[in-house]
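This report looks at a ligand site, a pocket and a sheet in one protein model. The sequence and the structure come first, and the description follows.

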Amino acid sequence: MAQPIIKVQDLVKRYGNFEAVKGISFEVMEGEIFGLLGPNGAGKTTTLEIIETLRPKTSGSVIVDGIDIDSDRQAVKNIIGVQLQAAGYYPNLNLKQIIELFAGLYNRTVDPLALLDKVNLREKAKNKYKELSGGQKQRFSIATTLINQPKIIFLDEPTTGLDPQARRNLWDLIKQLRASGATVVITTHYMDEAEELCERVAIVDSGRIIAINTPHALIDNLLASGFTRAKAVKGANLEDVFLNMTGKEWRDE
Ligand code: ATP
């Protein structure tokens, strides 16, 4: 039986008078892909950034791999990989140089080209970050989370804005990370993505967890309550058509 690697207890976050996170508790098991799902403004990013030690909490406790974030933030930072949104990434360095710089900061040896291969950016190794397209920047930010060979990887809406080929390939990459022993915590607005990747999901609404379970169990519970879809669903969808016609290989914008 897997052990919890993240324990969040009674977590509260207030911004002034506004309570964005209203006392949530959950555990993430070692080696699982755990999803935080919820509408805009539910408190997902706030929760993630508190666990990542990037944002102060109001109250509650967070333990990451046995370390209380209040007692040793640096120790937590050393074992996690965080995908930063809209990071500047040193405008005058190329991708290979940025990876080498980060690796140096983490005191790790990495093969930058092998890492860029994972997100199909080897061809761009000599390009600067600012020269990348939106999807390429997104993929590069995922590659940078892997530089310190983290035990836990946090991905905040990792496939937003990507084409279907890139999404599928990133799903494969995320599954490979799990297979290599990492724990992955992901937020997404794509339910197909959560269903495909996550062992368990928490549904967050207005700062509270309203359900936490495996996707299968949540679907079964809904069906058991008598839910039926208005229309029979076909055995394929438009995305299947698109991928069938355009192939599954990486494309570049
Ligand atoms: P989305 O799906 O849109 O990314 P989210 O679930 O990640 O949403 P958060 O970004 O955590 O939501 O925001 C939760 C709530 O807290 C929102 O109402 C947001 O406006 C508010 N909030 C977030 N950051 C701040 C801040 N720095 N100051 C004040 N309010 C904030």
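In this predicted model, the lining of the largest pocket receives at least two residues from each of three elements, namely helix H7 (191–197), strand E9 (200–205) and helix H8 (215–224). Among these elements, H8 provides the largest share of that lining, with 6 residues. The pocket has a volume of about 570 Å³, and of the 21 residues that line it, Met-191, Glu-195, Pro-215, Ile-219 and Arg-229 lie nearest its centre. Sorted by class, the lining of the largest pocket consists of 13 nonpolar, 3 polar and 5 charged residues.

The ligand has a shell of its own, and the description now turns to that site. There are 14 residues around the ligand, and those that come nearest are Gly-41, Gly-43, Lys-44, Thr-45 and Thr-46. Strand E2 (18–29) and helix H1 (44–51) each supply at least two residues of this shell, and H1 gives the most, with 3 residues. By class, the shell around the ligand divides into 5 nonpolar, 6 polar and 3 charged residues.

Several side chains place a polar atom close to an oxygen atom of the ligand, as the table sets out.

| Residue with the polar side-chain atom | Distance to an oxygen atom of the ligand |
|---|---|
| Asn-40 | 2.9 Å |
| Thr-45 | 2.7 Å |
| Thr-46 | 2.5 Å |

As for the cover that the protein provides, the ligand taken alone exposes 640 Å², and 61% of that is buried by the protein. Thr-45 and Thr-46, which appear in the table with distances of 2.7 Å and 2.5 Å, are also among the residues that come nearest to the ligand.

Strand E2, which supplies at least two residues of the shell around the ligand, also belongs to an open sheet of 4 strands, in which the order is E2-E1-E4-E5 and the pairing is antiparallel. E2 and strand E5 (67–68) stand at the edges of this sheet, and because each has a single partner strand, one side of each is left without a neighbour in the sheet. Within the sheet, strand E1 (residues 4–15) and strand E4 (residues 59–64) pair in the antiparallel sense over 5 bridges. Along this pairing, Val-12 stands opposite Ser-59 in E4.

Key:
Residues are numbered from 1 along each chain as its sequence is written. This is a predicted model: local features need pLDDT of at least 70, side-chain atom pairs count only at pLDDT 80 or more; totals for chains, interfaces and linings use all residues. Side-chain values use heavy atoms; hydrogens and water are left out. A residue is near a molecule or strand if one of its heavy atoms lies within 4 Å of it. A polar contact is a pair of N or O atoms within 3.5 Å; within protein, one must be able to donate a hydrogen and the other to accept it, and residues adjacent in sequence count only if both atoms are side-chain atoms. Accessible areas come from the Shrake-Rupley method with a 1.4 Å probe; for residues, only the protein chains shown count as cover. Ala, Val, Leu, Ile, Met, Phe, Trp, Tyr, Cys and Pro count as nonpolar, Asp, Glu, Lys and Arg as charged, and the others, Gly among them, as polar. On a 1 Å grid over the protein atoms alone, a cavity is a set of points where a 1.4 Å probe fits but cannot get out, and a pocket is an open set with protein on both sides within 12 Å along at least five of seven lines; lining residues have an atom within 4 Å of a point. Grid points are joined across faces, edges and corners, and a volume is the space filled by probe spheres set on the points. Two strands pair if DSSP finds at least two bridges between them.
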